[in-house]
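Trainee: I should like to learn how to read the contacts between parts of a protein model. Where should one begin?

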Amino acid sequence: MLPHEKTLVKRLADKPFALIGINSDGPVEKVKEILAREQITWRQAVDESTDGPLATKWNVSGWPTIYVLDEKGVIRYRDVRDQEMEDAVMTLLAAGSKK
Amino acid sequence: MSTLVSLPCFARWALCAAALALTFTLGFAEDAKPDPQQKFDAIQARMEKAQTDFMEKLMAEQDRAKQRAMYDSRPGLEFAAEFKTLAVETKGTEVAAQSWMKVAEISGEFDQEEGFKSAVETLIAEHITSPHIAALPAMIGGMGWTLGDDKVEPLLQSLLAKSAHKPVQAGAIFELAQIAMRSDKPEKKAQTRAWFERLSKEFGDLKSAYGKDYKSIAAGFLFELDHLQIGQIPPDFEAIDENGVKFKLSDYRGKVVVLDFWGFW
């Protein structure tokens, strides 16, 4: 999961793409420590725990849970991982660039 | 768990205390016939031991293919057979209820459809009022992933129709709601709302096994149903990032966004 995400973020740095993590590990200090240790560069919403406000609102009961949104903010894929996630993102980017 | 004091023992308590101490150290006394609950506990203990030993061996194996083969022959079914024998011997008792639960659980784990179905059907027919079937709805629902939702749905319907026990009814409705929600048949999926609304209305104050009340649980799923399905635009949210900076999901409009709910634990 992580290695694939890292590659994707690097490869698509100049594309209209963002990976946002919604992290349930703990308070901000803990999250920063993990980000530094794992060399994670993308933005995080600090949700503090698995019962955090976002995880609760979005009814998340399994981790990771993944949503892929297109440029209009519409949910287009759910729970795609690794190569499948990459394919989903590439498909949406290709469709967006055609407009 | 097990009661080792028998009536004649009370009369000669001093002697008995010594015998008791001995029984505790030796396990069952040679000539004392274990009662059904002890039999159940003993099978359970042997199964747990076998599983722990197996997991250790599995973890020690480096070769993936060998690991896979080991996993396929993991311990379990032999204990289902023992539990089933005990269930039949103790027909109608609470030990039978616990034993059938084990048969259902193990058969389920091993994808034994017939074994699973017959255990569940027996539980519904003979143990519908037993406190030991509290986890049955979740067990049946969970089996939907391997046996197929169409196979487990009638079992949940039957459980719901026959149980007068609120936690069991709520559990069955919760599972039926989830089955509707994950269905790819539009007419089935359309029933999701009704199930969750019923769950909230009739069992809202009741807490699930995980400690959350069914009203908030239903609200979460209804939010997911209304806002988080493919093709929907989720409501905007505001969050604080790792640098203490506030941001909104809508800041990313115009970009393809992957939202990854994750943790490193």
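Mentor: We shall take the contact between two chains, and then the contact between two domains. Please keep in mind that this is a predicted model.

Trainee: How many residues does each chain bring to the contact between chain B and chain A?

Mentor: One counts each side separately. Here chain A contributes 53 residues and chain B contributes 38 residues.

Trainee: What area is buried between chain B and chain A, and what share of it do carbon and sulfur atoms give?

Mentor: The buried area is about 4200 Å², and 63% of it comes from carbon and sulfur atoms. On the side of chain B, the three residues that supply more than any other three are B:V256, B:F261 and B:W262, with 22% of the area that chain B buries against chain A.

Trainee: How many salt bridges cross the interface of chain B and chain A?

Mentor: A salt bridge is recognised by a distance rule, with a limit of 4 Å between nitrogen and oxygen. The rule finds 2 salt bridges across this interface. One of them joins the side chains of B:E224 and A:R78, at 2.9 Å from N to O. In addition, 24 residue pairs are in polar contact between the two chains, both residues being at pLDDT 80 or more.

Trainee: Which elements of chain B supply at least two residues each to the side that touches chain A?

Mentor: They are α13 (214-227), β1 (238-240), β2 (246-248) and β3 (256-262). The largest share, 7 residues, comes from β3(B). By class, this side of chain B has 22 nonpolar, 8 polar and 8 charged residues.

Trainee: Which strand of chain A is joined to β3(B), and do the two run parallel or antiparallel?

Mentor: The partner is strand β3 of chain A, residues 65-69; 5 bridges join the two strands, which run antiparallel. Within this pairing, A:L69 stands opposite B:V257.

Trainee: Where do the domains of chain B lie in the sequence?

Mentor: Domain 1 covers 36-127 and domain 2 covers 134-265. Their centres, taken over C-alpha atoms, are 29 Å apart. The contact takes 13 residues from domain 1 and 12 residues from domain 2.

Trainee: What is found when the area and the salt bridges are read for these two domains of chain B?

Mentor: About 1100 Å² is buried between them, and carbon and sulfur atoms give 84% of that area. The count is 1 salt bridge; the side chains of B:E113 and B:K151 meet in a salt bridge at 3.6 Å, N to O. On the side of domain 1 that touches domain 2, α6 (94-109) and α7 (113-126) of chain B each supply at least two residues, and α7(B) gives the most, with 7 residues.

Definitions and conventions. Residues are numbered from 1 along each chain as its sequence is written. Chains are lettered from A and ligands numbered from 1 in the order in which they are written. This is a predicted model: local features need pLDDT of at least 70, side-chain atom pairs count only at pLDDT 80 or more; totals for chains, interfaces and linings use all residues. Side-chain values use heavy atoms; hydrogens and water are left out. Contact means heavy atoms within 4.5 Å. Buried area is the accessible area (1.4 Å probe) that two parts lose on being put together, summed over both. A polar contact is a pair of N or O atoms within 3.5 Å; within protein, one must be able to donate a hydrogen and the other to accept it, and residues adjacent in sequence count only if both atoms are side-chain atoms. Helices (H or I, at least four residues) and strands (E, at least two) are DSSP runs, numbered from the N terminus. Ala, Val, Leu, Ile, Met, Phe, Trp, Tyr, Cys and Pro count as nonpolar, Asp, Glu, Lys and Arg as charged, and the others, Gly among them, as polar. Two strands pair if DSSP finds at least two bridges between them. Domain bounds come from an automatic or database domain assignment.
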